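Ready for a few exercises on reading a fold from its coordinates? Have the model open and try each task before you read its solution.

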Amino acid sequence: MRAQVRTVNAAEVGLEEMLAAREQRATRQAAALARFGKPLVSMTMVMPGPVKDGPLPRRVLDLAVQEMEAACRARGWRILSRKALWRKTGPEALSVIDADALSLKLAMIELEDHHPLGRLWDLDVIAPGQAQLSRQSLGESPRRCLACGRPARVCGRSRRHPLGQLLTTIGRIVHEYDLRAVT
């Protein structure tokens, strides 16, 4: 599977739909913080371009949820709530964890940086009474570009890489993960 990422239903979404989805996600996050008073992990997938949903993004996000839950179990953290949404704006999941927010963020950074699919995940940690915890606030390096390794924000803002290159890179990352799983 060296081809670009393809989706079965290939529904394109526009900027307004993405902004609305972001707003709805923020509302769900605020409700979860108010209800539980514990940090949460908001999970989305890195999926550039107008098509955000399909079998591959759903599978990759499902694996992110499994790995996040395994990381929590390994540390003895209870998962108080979990919910996954399969939307045309991209799959997403929200979990409330009974853990120290900084330790939780460091564990999510470890997954993003060291799991073979981690570069495809956005595992944001939001703590009650605080803004989203950032890598930089913890002294961690910023996320790297899928294609070239420069800071992702720099390449994203400048649209340095063509969409096809980024989707091909995503397909390669998943293919390499699948090969490791077979051997």
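Three exercises follow, each with a worked solution.

A note before you start: this is a predicted model, in which local features need pLDDT of at least 70, side-chain atom pairs count only at pLDDT 80 or more, and totals for chains, interfaces and linings use all residues. Residues are numbered from 1 along each chain as its sequence is written, and side-chain values use heavy atoms, with hydrogens and water left out.

**Exercise 1. Describe the overall make-up of the protein chain.**

Step 1: Count the elements. The protein chain has 5 helices and 5 strands; helices (H or I, at least four residues) and strands (E, at least two) are DSSP runs, numbered from the N terminus.

Step 2: Put them in sequence order, which gives α-β-α-β-β-α-β-β-α-α.

Step 3: Check the compactness. The radius of gyration, taken over C-alpha atoms, is 16 Å, close to the 16 Å of the globule rule (2.2 Å times the number of residues to the power 0.38) for 183 residues, so the chain is as compact as a globular protein of that length.

**Exercise 2. Work out the strand order of the sheet and what covers it.**

Step 1: Find the pairs, where two strands pair if DSSP finds at least two bridges between them. Strand β1 (residues 40–45) is joined to β3 (residues 90–98) by 5 bridges, with S42 partnered by L94. Another 6 bridges join β1 to β4, where L40 has I126 as its partner. β4 and β5 pair over 2 bridges, and V125 stands opposite L133.

Step 2: Assemble the order. The open sheet reads β2-β3-β1-β4-β5, with antiparallel pairing. β2 (78–87) and β5 (132–133) each have a single partner strand, so one side of each is left without a neighbour in the sheet.

Step 3: Add the helix. Helix α1 (residues 15–36) packs on the sheet, touching β1, β2, β3 and β4 (121–126); contact means heavy atoms within 4.5 Å.

Step 4: Look at the turn. β4 and β5 form a hairpin with 5 residues between them, and G129 there has a positive phi of about 75°.

**Exercise 3. Characterise how α2 packs against α5.**

Step 1: Take the axes, lines fitted to C-alpha atoms over the stretch in contact, with angles from 0 to 180 degrees between N-to-C directions. Those of α2 (residues 55–75) and α5 (residues 163–182) come within 12 Å and cross at roughly 55°.

Step 2: Classify the angle. Angles under 35 degrees count as roughly parallel, over 145 as roughly antiparallel, 65 to 115 as roughly perpendicular and the rest as oblique; α2 and α5 are therefore oblique.

Step 3: List the contact residues. α2 contributes L56, R59, V60 and L63, while α5 contributes I170, V174, Y177 and D178.
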